[in-house]
Amino acid sequence: MSELLVTRHESVETWNLNRPQARNALDRALVARLSEAIMSAESTDTDVVVLRGTGPSFCAGADLALLSTYDAARGDTPREHLTAIWDLTLAMERSPITFVGALHGHAIAGGLELALACDIVIAAAGTLIGDGHVRQCLLPGGGASARMERAFGRSTATRLALTGEFLPAEHPAFGTWLHTITPADELEPAVTAVSASLTAVPASARSAYKRLLHDTHEPLDASHRDRELDTFDQHWLDNDVPQVLRAFLNKTRKAAR
């Protein structure tokens, strides 16, 4: 089974994260497929990419089962994996392609970080959105600390970061970020309408304007990535976070029996 399903209609590609059994959690294979898909799309004159998730959620974040395999006592951290996620989001922002995030179910932790790298975000009503890292004694590793304040403002970013709570898409906190909130059964036509409005204008002008908007603020780069990941690593090692994750996963498995 492919971790990423890619379909194309004219100059619009739809990328479906395809790990529904894990709520599309980001493992190594999925991140690698997404990075490959960007290079492929840019080489085939793709104008718009719609990023979606199969199953009950858009994306529930990085794969906790994968993260739990690292041994903090031996100095092991998932930095290589998190760097790949960070670099994926940087590539999305720098790409001439317009990225449309279509959210449903859950967009939390790494899922939110993917959505924050999109240019336009649409959500089904009831979608739960949040940072969530602190719930599992984690810090962000995919850009949340660098992007949330830009997207939501300082007050909302601080609230989501420090409480780990999830808010529904309809919450006023997301009013200036979400392009559209639609009933779940109307998400598809909403995505189609936005894609059509994007492809109705010259691609060269749209891409140049995206770059101009991106450069209005200090563009994110490897220095922002490394600042976040340096802090992640230190916290990971000081608090033996893998042990916390393993306890959480064991509790979740027992509850599911």
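Buried residues account for 51% of the 257 residues in the chain of this predicted model. The chain is built from ten helices and nine strands. Its radius of gyration is 18 Å, close to the 18 Å that the globule rule gives for 257 residues, so the chain is as compact as a globular protein of that length. Along the principal axes, the C-alpha trace spans about 55 × 40 × 40 Å. Among contacts with a separation of 6 or more, 75% join residues that are 24 or more positions apart.

Turning to the surface, the chain exposes about 11900 Å². Carbon and sulfur atoms supply 54% of that area. As for charge, there are 24 positive and 32 negative side chains. The centres of these two sets lie 5 Å apart.

Helix α6 is a helpful place to begin a closer look. This helix covers residues 154-163, and its buried residues are T156, A157 and L160. They cover an arc of only 100 degrees around the axis, which puts them on the same side of α6. A general point about helices helps here: an α-helix has 3.6 residues a turn, so residues three or four places apart point the same way. The buried residues of α6 pack against three elements of the chain, namely β7 (128-130), α5 (144-152) and β8 (166-168). On the face turned away from this buried side, α6 carries the exposed residues R154, S155 and L162. The helix is followed by G164, whose phi is positive, near 70 degrees.

Two strand residues come next. V48 sits in strand β3, which covers residues 48-53. With a relative accessibility of 0%, V48 counts as buried. Leaving out residues up to four places away in sequence, V48 touches S11, V12 and E13, and also I97, T98 and V100. Its remaining partners under that rule are S195, L198, T199 and R206. A22 offers a contrast between sequence and space: V48 and A22 are 26 residues apart in sequence, and their C-alpha atoms are 27 Å apart.

T14 belongs to strand β2, made up of residues 12-17. Its relative accessible area is 19%, and because buried means under 20%, T14 is classed as buried. When neighbours within four places in sequence are set aside, T14 is in contact with L5, V6 and T7, as well as with V50 and R52. V50 and R52 fall within the range of β3, residues 48-53.

The backbone also deserves a look at two loop positions. N24 has a positive phi of about 60 degrees although it is not a glycine. This residue lies in the loop between β2 and α1 (28-43). At 0% relative accessibility, N24 counts as buried. C137 likewise has a positive phi, of about 60 degrees, and is not a glycine. Its place is in the loop between β7 and α5, and these two elements are also among those that the buried residues of α6 pack against. With 26% relative accessibility, C137 counts as partly exposed.

Key: Residues numbered from 1 in each chain as written. Predicted model: local features only at pLDDT ≥ 70, side-chain atom pairs only at ≥ 80, totals over all residues. Heavy atoms only, no water. Helix = DSSP H or I, 4+ residues; strand = E, 2+ residues; numbered from the N terminus. Rg over C-alpha atoms; globule rule 2.2 N^0.38 Å. Buried < 20%, exposed > 50% of the residue type's maximum accessible area, 1.4 Å probe, protein only. Contact = heavy atoms within 4.5 Å. Areas by Shrake-Rupley, 256 points an atom, 1.4 Å probe, with all protein chains shown as cover. Lys, Arg positive; Asp, Glu negative; His and termini not counted. Charge placed at Lys NZ, Arg CZ, Asp CG, Glu CD. Arc of directions from axis to C-beta.
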